[in-house]
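Morning, everyone. Please pull up the structure on your screens. I'll keep this short.

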Amino acid sequence: MTTVWLPDPSASRVMGGLPAGMVADVWTGGTDLPASADSVEVVIPPFPVSRPDLSQLGELPKLRLIQLLSAGAEKVIPWVPPGVTLCTARGAHDDVVAEWVLSVVLAQLHDLPRFVRSQQEGRWDFTLTGELAGKTVLILGYGSIGAAVARRLAGFDVRVLPVARSAREGVHGIAALPDLLPQSDVVVLLVPVTPSTERMVDAAFLARLPDGALVVNAARGAIVDTDALLAELTSGRLHAALDVTDPEPLTAGHLLWSAPGLLLTPHVAGAGGKPMARALAVAKAQLARYQAGEPLLNVVGEDGY
């Protein structure tokens with residue numbers, strides 16, 4: 001039998017049971033390990049991964065696979081023991097994150113935060129707003145979520161510029177960014193945190209965007225140089241919608257709280273609907289592949305991708 005650690009006592013029920021030949025135990029990320037520590041082969045850490053003591057993973061002699069319930073892996077990568085495969089739940093949250101992206105893009109372009117404030121103040125605040133039609137939207141990090149965003153943009157009469165780490169048919173490589181950014185009215189950030197992407201949205205990156213451009217971050221806060229973004233927001237040249245920040249959560253009194261032109265949500269883009277059920281469905285399919293000896297999906301490489 002293959003022992004699998006689940007993050008919650010209800011996880012097996014939500015998954016509809018484990019694949020044949022597997023037995024479940026529960027590890028919630030605490031320092032006290034279950035009695036099955038000497039036999040466990042697969043660990044599904046808690047979701048979201050916040051502050052569990054993942055150093056315990058190095059004490060599991062038969063561990064072979066860490067299956068995440070998130071699309072991001074940066075908080076777990078430092079704790080993966082040698083010889084252990086790390087996989088994400090890529091695909092589990094595509095639709096709901098894409099919906100968040102479209103929601104905040106439309107809200108910002110149509111000035112909805114302004115009208116919410118006016119409603120709260122009891123003011124009839126007529127003003128002309130922007131529109132999405134005719135805009136150029138650059139999607140930086142064109143994976144499964146990026147493709148879901150592009151599908152939702154298809155009916156809005158926009159031009160989409162997909163950008164991935166490497167160029168492929170129909171998709172630009174990151175090397176093309178200097179030429180693409182000046183054309184982009186909206187930039188959607190969806191890249192993972194790696195040494196090559198951390199702070200990639202810096203002052204030089206932002207300076208290439210045209211006046212009035214909108215920066216949307218549904219990736220991780222560390223992708224953006226916060227000070228550089230604050231400078232652009234304060235000047236009024238750019239606007240932004242952030243679901244993630246650096247630091248996160250924001251400290252009391254941080255300048256982002258009051259930055260002009262910013263729509264801020266507390267890391268909820270992937271939290272709509274039933275995020276745990278979606279992630280566990282991906283995990284169950286992965287467990288079936290592991291048990292059958294088939295190639296695993298969404299494997300994280302040494303470079304963090």
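Which residues lie nearest the centre of the second largest pocket? They are Q108, L109, D111, H239 and G261. A caution before I go on: this is a predicted model.

Let's stay with that pocket. The second largest pocket has a volume of about 280 Å³. In total, 15 residues line it. Where do they come from? Helix α2, residues 94–109, helix α3, residues 112–121, and strand β12 each supply at least two. Helix α3 gives the largest share, 3 residues. By class, the lining has 6 nonpolar, 5 polar and 4 charged residues.

Now the sheet. Strand β12 belongs to an open sheet of 7 strands. Read across, the order is β8-β7-β6-β9-β10-β11-β12. The pairing is parallel. Which strands sit at the edges? They are β8, residues 172–173, and β12, residues 262–264. Each of these two pairs on one side only.

Step inward to β10 and β11. Strand β10 covers residues 214–217, and β11 covers residues 239–242. The two run parallel, joined by 4 bridges. Look at N217: its bridge partner in β11 is L242.

A helix packs here too. Helix α4, residues 144–153, lies across β6 and β7. Those strands are residues 136–140 and 159–164. The helix runs at about 165° to β6.

Next, enclosed space. Rolling a probe the size of a water molecule over the atoms shows where empty space is left. How many cavities of 30 Å³ or more does the count give? The count comes to 1. The largest cavity has a volume of about 50 Å³. Our bridge partners come back here: N217 and L242 are both in its lining. The other lining residues are G221, V224, T226, L229, V244, T245, D246 and L256. By class, that makes 5 nonpolar, 4 polar and 1 charged.

Last stop: aromatic rings. The whole structure holds 1 aromatic pair. Why is the pair of W5 and W27 called tilted? The ring centres are 5.7 Å apart and the planes meet at 40°. Stacked needs planes under 30 degrees apart, and edge-to-face needs over 60, so 40° falls in the tilted class. The pair also links distant parts of the chain. W5 is in strand β1, residues 2–6. W27 is in the loop between β2, residues 22–26, and β3, residues 40–43. The two residues are 22 apart along the chain.

That's my tour. Thanks for listening.

Definitions and conventions. Residues are numbered from 1 along each chain as its sequence is written. This is a predicted model: local features need pLDDT of at least 70, side-chain atom pairs count only at pLDDT 80 or more; totals for chains, interfaces and linings use all residues. Side-chain values use heavy atoms; hydrogens and water are left out. Two strands pair if DSSP finds at least two bridges between them. Contact means heavy atoms within 4.5 Å. Axes are lines fitted to C-alpha atoms, for helices over the stretch in contact, and angles run from 0 to 180 degrees between N-to-C directions. On a 1 Å grid over the protein atoms alone, a cavity is a set of points where a 1.4 Å probe fits but cannot get out, and a pocket is an open set with protein on both sides within 12 Å along at least five of seven lines; lining residues have an atom within 4 Å of a point. Grid points are joined across faces, edges and corners, and a volume is the space filled by probe spheres set on the points. Ala, Val, Leu, Ile, Met, Phe, Trp, Tyr, Cys and Pro count as nonpolar, Asp, Glu, Lys and Arg as charged, and the others, Gly among them, as polar. Rings of Phe, Tyr and Trp (its six-membered ring) pair if their centres lie within 6.5 Å; planes under 30 degrees apart count as stacked, over 60 as edge-to-face and the rest as tilted.
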